[in-house]
Amino acid sequence: MNIRKMRVNDLKGVLEAWRDAFEKEPRNAGEYLPSFLEKNPSFCFVAEENRKIVGVILGSFNGRVGYLNRLAVKKDFQGQDIASKLIGSAVQALRNTGTTSIFLHCKPNLAPLYENFGFKVDKDNVIMRLKLD
Ligand SMILES: CC(C)(COP(=O)(O)OP(=O)(O)OC[C@H]1O[C@@H](n2cnc3c(N)ncnc32)[C@H](O)[C@@H]1OP(=O)(O)O)[C@@H](O)C(=O)NCCC(=O)NCCS
């Protein structure tokens, strides 16, 4: 298993990995991913097994703080530390920007996965959402 930076021509494999892990394709992913990657080429990673993409994480940096999004590992490859390696790669890349914080949101059951890297639930803030559709 190999972790490497995501490339534009990984789009199909990334969508497949998301579809498999999330059981549905993220809405508009095919459209936003190329521009997301163009803006954040240093912070998005894939895990490859036999040249097939089996895991993905999107990292981004807005000039001030970092974000992690859309972590996924294909079902057949879960439980092998692949997500942890993807998180580690994205965290290291974001650390290299000099930023002092990385944010993410996740289901409560996945908090321990991120706590392994030092993430903590931020009790001073809540996630708010304005639904527009
Ligand atoms: C969540 C996900 C990315 C984990 O991938 P993975 O490669 O299996 O994770 P790892 O093997 O690196 O797990 C490391 C640790 O994280 C925790 N963990 C991983 N998956 C978990 C789950 N589904 N529920 C609770 N804890 C979990 C465990 O503590 C695990 O350690 P253990 O194997 O010793 O028990 C994968 O299950 C997935 O793609 N799920 C569907 C998509 C999703 O929910 N993405 C997260 C968006 S925030």
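Helices and strands here are DSSP runs, with at least four residues for a helix and at least two for a strand, numbered from the N terminus. The model is predicted.

**Exercise 1. Overall architecture**

Work out how many helices and strands the protein chain has, in which order they follow, and how the chain compares with a globular protein of its length.

Step 1. The protein chain holds four helices and five strands.

Step 2. Read from the N terminus, the order of the elements is β-α-α-β-β-β-α-β-α. The radius of gyration is 14 Å, close to the 14 Å that the globule rule gives for 133 residues, so the protein chain is as compact as a globular protein of that length.

Step 3. Along the principal axes, the C-alpha atoms fill a box of roughly 40 × 35 × 30 Å. Of the 133 residues, 27% count as buried.

Step 4. Take the contacts between residues at least 6 apart in sequence: 59% of them join residues at least 24 apart.

**Exercise 2. The sheet**

Establish the strand order of the sheet, and explain why one side of β1 and of β5 is left without a neighbour.

Step 1. The sheet is open and is formed by five strands in the order β1-β2-β3-β4-β5, with mixed pairing.

Step 2. β1 (2–5) and β5 (102–103) stand at the edges and have a single partner strand each, so one side of each lacks a neighbour in the sheet.

Step 3. α1 packs on this sheet, where α1 touches β2, β3 and β4. The direction of α1 makes about 95° with that of β3.

**Exercise 3. Strand pairs and bridge partners**

Describe how β2 is joined to β1 and to β3, and name bridge partners in these pairs.

Step 1. β1 and β2 run antiparallel and are joined by four bridges. K5 has F45 in β2 as its bridge partner.

Step 2. β2 (residues 45–49) and β3 (residues 52–61) also run antiparallel, and five bridges join them.

Step 3. V46 has V56 in β3 as its bridge partner, while E48 stands opposite I53 in β3.

**Exercise 4. Positive phi values**

Consider N50, R51 and D81. Locate each residue, give its phi, and decide whether R51 and D81 are buried or exposed.

Step 1. The hairpin of β2 and β3 has two residues between the strands, and N50 in this hairpin takes a positive phi near 50°.

Step 2. R51 belongs to the loop between β2 and β3. Its phi is near 65°, a positive value in a residue other than glycine.

Step 3. A residue counts as exposed if 12 or fewer other C-beta atoms lie within 10 Å of its own. R51 has 7 C-beta neighbours inside 10 Å, so R51 counts as exposed.

Step 4. D81 is located in the loop between β4 and α3. D81 is not a glycine, yet its phi is positive, about 75°. With 12 other C-beta atoms within 10 Å, D81 is exposed.

**Exercise 5. Two residues of α1**

Find the places of G13 and E16, assign each an exposure class, and relate each to a second residue by its C-alpha separation.

Step 1. G13 lies in helix α1, and E16 also lies in helix α1.

Step 2. The partly exposed class falls between the limits of 12 or fewer for exposed and 20 or more for buried. G13 has 18 other C-beta atoms within 10 Å and is therefore partly exposed. E16 has 16 other C-beta atoms within 10 Å, so E16 is partly exposed.

Step 3. Leaving out residues up to four places away in sequence, G13 touches K52 and I53.

Step 4. G13 and R64 are 51 residues apart along the chain, and their C-alpha atoms are separated by 30 Å. For E16 and R27, 11 residues apart along the chain, the C-alpha separation is 13 Å.

**Exercise 6. The shell around the ligand**

State how many residues surround the ligand, which elements give two or more of them, and how the shell divides by class.

Step 1. The ligand is surrounded by 17 residues, the closest being A21, Q78, A83, S84 and L113.

Step 2. The elements that give two or more residues to this shell are α1 (11–22), β4 (66–73), α3 (82–95) and α4 (111–115).

Step 3. By class, the shell has 11 nonpolar, five polar and one charged residues.

Key
Residues numbered from 1 in each chain as written. Predicted model: local features only at pLDDT ≥ 70, side-chain atom pairs only at ≥ 80, totals over all residues. Near = placed C-beta within 6 Å. Nonpolar A, V, L, I, M, F, W, Y, C, P; charged D, E, K, R; others polar. Pairing = 2+ DSSP bridges. Contact = placed C-beta atoms within 7 Å. Axes fitted to C-alpha atoms, helices over the stretch in contact; angles between N-to-C directions. Rg over C-alpha atoms; globule rule 2.2 N^0.38 Å.
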